[in-house]
Structures are given as structure tokens and as C-alpha cells.
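I opened this notebook to keep track of what I looked up, entry by entry, while going through the structure. Each entry begins with what I wanted to know and ends with what I found.

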Amino acid sequence: MLSITSQYLARYRQLTAGERTHALLPVTGAQRRFVLVRSLDPSGRPDVVPMFFAFPHGTVDAERLGAAARRLAARHPALRSRPAVLRGTPVLCVDGPDVPVTSLDLAPGENADDALRRALDAWDPHGSPLRIFLVREVRDGRDAAHTAEEVLAIVLDHAACDGQSLARIVEDLGAAYAAGTTAEPPSPAETEAELAAYTEAVLLQLAAEERADSPAAAVYWADRLRAVRERAPQPRPGRVPDGSLPSGSADVRLPAHDHSVPFPALLDACRSAARALYGPGNVVPIGYPWGGRPQGAAPVVGCFLNTVVFPAATGHGPDPEVTADAWWDDLDRADMPFDAVVSAARSAGSGWTGRLDGLLTVDDARRRPPLRLAGVEGREIHIGGRPVRGPFAVSVTQGAELHLRMVWDRAVLDDGTAEQAFADLTRALRTPEPTVP
């Protein structure tokens, strides 16, 4: 029997047989998950990835920014390709580099955060995968030093862009802005070469997934995830009071004495949070992105980290060394696509449907360049209160300090329980201060 990846490749090749252009691009297993989840959502709401930057008032030239964004999208096929499901086959449909730059007016009583949340709530799933929003005349009392700023939001459809691509998008947008409005767009030959490079990178990734989707890996994941069950309650929108934001959040900055925390320690910390949220004695699925570009592939934007599943046992848990050993074993099979992993677990009798009870993402602040527009460096900020896909998500930014943030869906989890879970998460990651002799 053909693997899920082999079946996808066969359908994609049949769908594109005879085409002379790259009008339909293949998707990786991770992208396939995003596209299919959206196709099953009655609202069709996609996951979006926003980045927010504050600049001194008067910095951003909207016309120049629009020209830069169009050049950026013309150079990177994923940023001008709309996700779709054609004859049951997820693909990216290549379109023109039309990137809207929308200046938002503040409604009475709104601040910049409110206006940007309103814009993202109105996201049209059929529009461009890359959009930019600008709020001017910001006077929201964020703090006394930043009362006259403008906030720029660069927002991407998650099916067209993974987190690994964000640094390059920021860097390339700044370079395109520096070139001004008269810079030439990429030539047709350059555009065709970028399309070919993207297609080749995705096909190389799919080949790696096809090799990883083996009977031996299926047996491994079936055994590893046999006890997994979703424990988060179903969303109940009525539990969110009128006028309240749909998600809650908490964050803290901790000392990072060695500038990083081992990934297994982060998984164990998420286990502590899951215990507070779902009770002891369960095994809940927590997902995290992992991987890199396939060997020999060009460093294209959007070709794509897989989602790996960690079975978080919410008892007292194994020793840290046991977690680390199991995690290394997981990484040996991390290229097996998510939908194949779910299928393997279900074939072993797990009742898991593929829904995740938590998410973990990790970023390195030293690898994220600032957004510079004509020599002015933007200050990256966070805007919370946006809808989240999943009960809770933890993000960790490592650098000179450890920045820990957790967000949760208020339609699923109450604030008190989530705040206790965040306290347990934080406690698990605190490093004792060195003693002074």
C-alpha cells in the first residue's frame, strides 16, 4: 500500500500533468496539515502569523512600502500563492505579487492594538497570503517614551510561510524598501528560476518525507503515541464574557545563564503546564515544529518545518534524562509527516484524532534581524488577545535572557487555571541563581 506521501505525490503529478508553467505548486506534509485543517473549518479561517513593529511617527512611507512588498512577493513564490484543495489535493495556486498595504483609522476609543486585532479578525481567506497594515498617530499610553509611534503589522498566511522564513522576509523587505520606488522588479527569467527553486525544494522535502514514512517508523509512532488522548474540552464561546478578548496571555523574562535551555527541558516544562490544565495521569499531545531545509535545496521561503508530537504524560513524569533520550529517538523519525503519524497512532488503537492540546515554539533572538526601513530600526512588539488555534500555546525566545510567553483560548480554558499552568511552567524553567562565595 502506498504511503500518504506517495499518494499525495501521485495526485499532484496527475493534477499538473501537461502543465508548462509552475501555476500549481506542491505542498509539504506540514503545509498539507494547515490547508486541510482550514478546509474542514466551517468558517474557513486560516492560521495567520503576524509580526508587529513600532516606528517613530512619520517613519513609514506607505507607497514605498507597497512597492517593496510587491518586489518581495515577486521574488518569493510562497508569498504570492494562495492555498487551495483541488480534486482533493492540497496545492498552492501561484498569483501575481499583489500585496495590500492598508492604513487603518482608529475608531473612537480604539488604540493601535484594537485596530490591528479588528483587521486580523476580518482577514479574507481568499486574499493575498501576505498583507501589511499600518496604524498612524498612535497615542495609546503604551509607555511614556512611546506615545507618538506608528505600528506596522506584517501578516502571513501560515500555510504559505513557516517560522524559519520570518527572518529572511524581514531582511528582504528592508532591503527592498531601501531600494526605493523606482527599483526594477525581478525579470521574468528570475521569477521563473525562483518558481523552479521553490518547486524543487518542496519536492526534495516530500522525497525525504516519503522515505521517512516507512513501516518501521509507523510501528515506532504507533507505540510512542498509543496512550495519547485529547483532554482539552471542546470550545464553548459562551464562556467568554461579552467585550472580553478571545485569548488570555501571560509572559515573563527569566535569567538565561547559559543563553539557552535544552529542548527536552522545555518539553518537560510544558508537561507541567499540561498537568495543571488537564489533570494528572493523562498523556496529552503537544506539538512543536522541527526540521530544516532538505539537503541540496535552495533556502526558499516557505518550505517548511514538520509538526512533531510529544506525548506529555501528566503524572510526576520521567527523569529529565529519560525525556531527553526519548526525544532524540523521536528526532530520528521526525520527517514522517503529521497525517501519517496520526494514522499510525490510530491504527494502534489510540483514540487520538490529530487535534493538539498544546503547542510549543522556540526562537533564537540572535537570529532575528530587526526590520530597518531607510535606516530606522523598528522595535518588535507583541499584541495579544487574538484568536488562537488550540487550547494553549507556549513560545520561548532564547537569547541574553529567556522570554517565556503562554497564550490560551478562553473558550476552552478559564483564566485562573491557565495562569496556574503558566506559574508551573515558569517554575519548571527557573534556573537557580549562582551562589556567591
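The entries below cover helix packing, salt bridges, a buried arginine and some backbone angles.

**Entry 1: the model.** I note at the outset that this is a predicted model, and I read every value below as computed from that model.

**Entry 2: helix α1 and helix α6.** I began with how α1 (residues 4-15) sits against α6 (residues 188-212). The two axes come within 8 Å of each other and cross at roughly 145°, and I recorded the crossing as left-handed. On the α1 side the contact is made by Thr5, Ser6, Tyr8 and Leu9, and on the α6 side by Leu203, Leu206, Glu209 and Glu210. When I sorted the residues of this contact by character, I had four nonpolar, two polar and two charged.

While in α1 I also looked up Ala10, which lies in that helix. Ala10 has a relative accessibility of 41% and therefore counts as partly exposed. I then checked Ala10 against Val341, and found the two 331 residues apart in sequence and 20 Å apart in space, taken from C-alpha to C-alpha.

**Entry 3: helix α7 and helix α9.** Which residues of α7 and α9 meet? From α7 (residues 215-224) and α9 (residues 320-331), whose axes are 11 Å apart and pack at an angle of about 145°, I listed Tyr220, Trp221 and Arg224 on the α7 side and Ala326, Asp329 and Asp330 on the α9 side. The residues of this contact divide into three nonpolar and three charged, with no polar residue among them. The crossing of α7 and α9 is left-handed.

**Entry 4: salt bridges.** How many salt bridges does the structure hold? I found 18, and I followed up three of them, one after another.

Arg389 and Asp47 meet through their side chains in a salt bridge, with 3.3 Å from N to O. This pair links distant parts of the chain, 342 residues apart: Arg389 is in the loop between β14 (379-381) and β15 (392-398), and Asp47 is in the loop between α2 (29-40) and β2 (48-56). Arg389 has a relative accessible area of 27%, so I entered it as partly exposed.

The side chains of Arg136 and Glu150 form another salt bridge, at 3.1 Å from N to O. Arg136 lies in strand β6 (residues 130-138) and Glu150 in strand β7 (residues 149-157), so the pair ties together parts that are 14 residues apart in sequence. I checked the accessibility of each partner: Arg136 is partly exposed, with a relative accessible area of 29%, whereas Glu150 is buried, with a relative accessible area of 0%.

Asp414 and Arg239 meet in a salt bridge at 4.0 Å, N to O. This pair, too, links distant parts of the chain, with Asp414 in the loop between β16 (401-409) and α11 (415-429), Arg239 in the loop between α7 and β8 (247-255), and their positions 175 residues apart. Asp414 counts as partly exposed at 35% relative accessibility, and Arg239 is partly exposed with a relative accessible area of 29%.

**Entry 5: Arg71.** I next looked for the side chain of opposite charge nearest to Arg71, a residue of helix α3 (residues 62-75). Arg71 is buried yet has no salt bridge, and the nearest such side chain, that of Glu184, is 9.0 Å away. Leaving aside residues up to four places away in sequence, I found that Arg71 touches Ala176, Tyr177, Ala179, Gly180, Thr181, Ala183, Glu184, Pro185 and Pro186.

**Entry 6: positive phi.** Most residues other than glycine have a negative phi, so I wrote down two residues with a positive value. Arg87 has a phi near 50° and is found in the loop between β3 (81-86) and β4 (89-94). Is Arg87 buried or exposed? With a relative accessible area of 68%, Arg87 is exposed.

Ala374 has a phi near 55°, again a positive value in a residue other than glycine. Ala374 lies in the loop between β12 (372-373) and β13 (376-377), and at 48% relative accessibility I entered it as partly exposed.

Definitions and conventions: Residues are numbered from 1 along each chain as its sequence is written. This is a predicted model: local features need pLDDT of at least 70, side-chain atom pairs count only at pLDDT 80 or more; totals for chains, interfaces and linings use all residues. Side-chain values use heavy atoms; hydrogens and water are left out. Helices (H or I, at least four residues) and strands (E, at least two) are DSSP runs, numbered from the N terminus. Buried means under 20% relative accessible area, exposed over 50%, partly exposed in between (1.4 Å probe, protein chains only). Lys and Arg count as positive and Asp and Glu as negative; His and the chain ends are not counted. Contact means heavy atoms within 4.5 Å. Axes are lines fitted to C-alpha atoms, for helices over the stretch in contact, and angles run from 0 to 180 degrees between N-to-C directions. A crossing is left-handed if the near helix is turned anticlockwise from the far one by less than a right angle, and right-handed if clockwise. Ala, Val, Leu, Ile, Met, Phe, Trp, Tyr, Cys and Pro count as nonpolar, Asp, Glu, Lys and Arg as charged, and the others, Gly among them, as polar.
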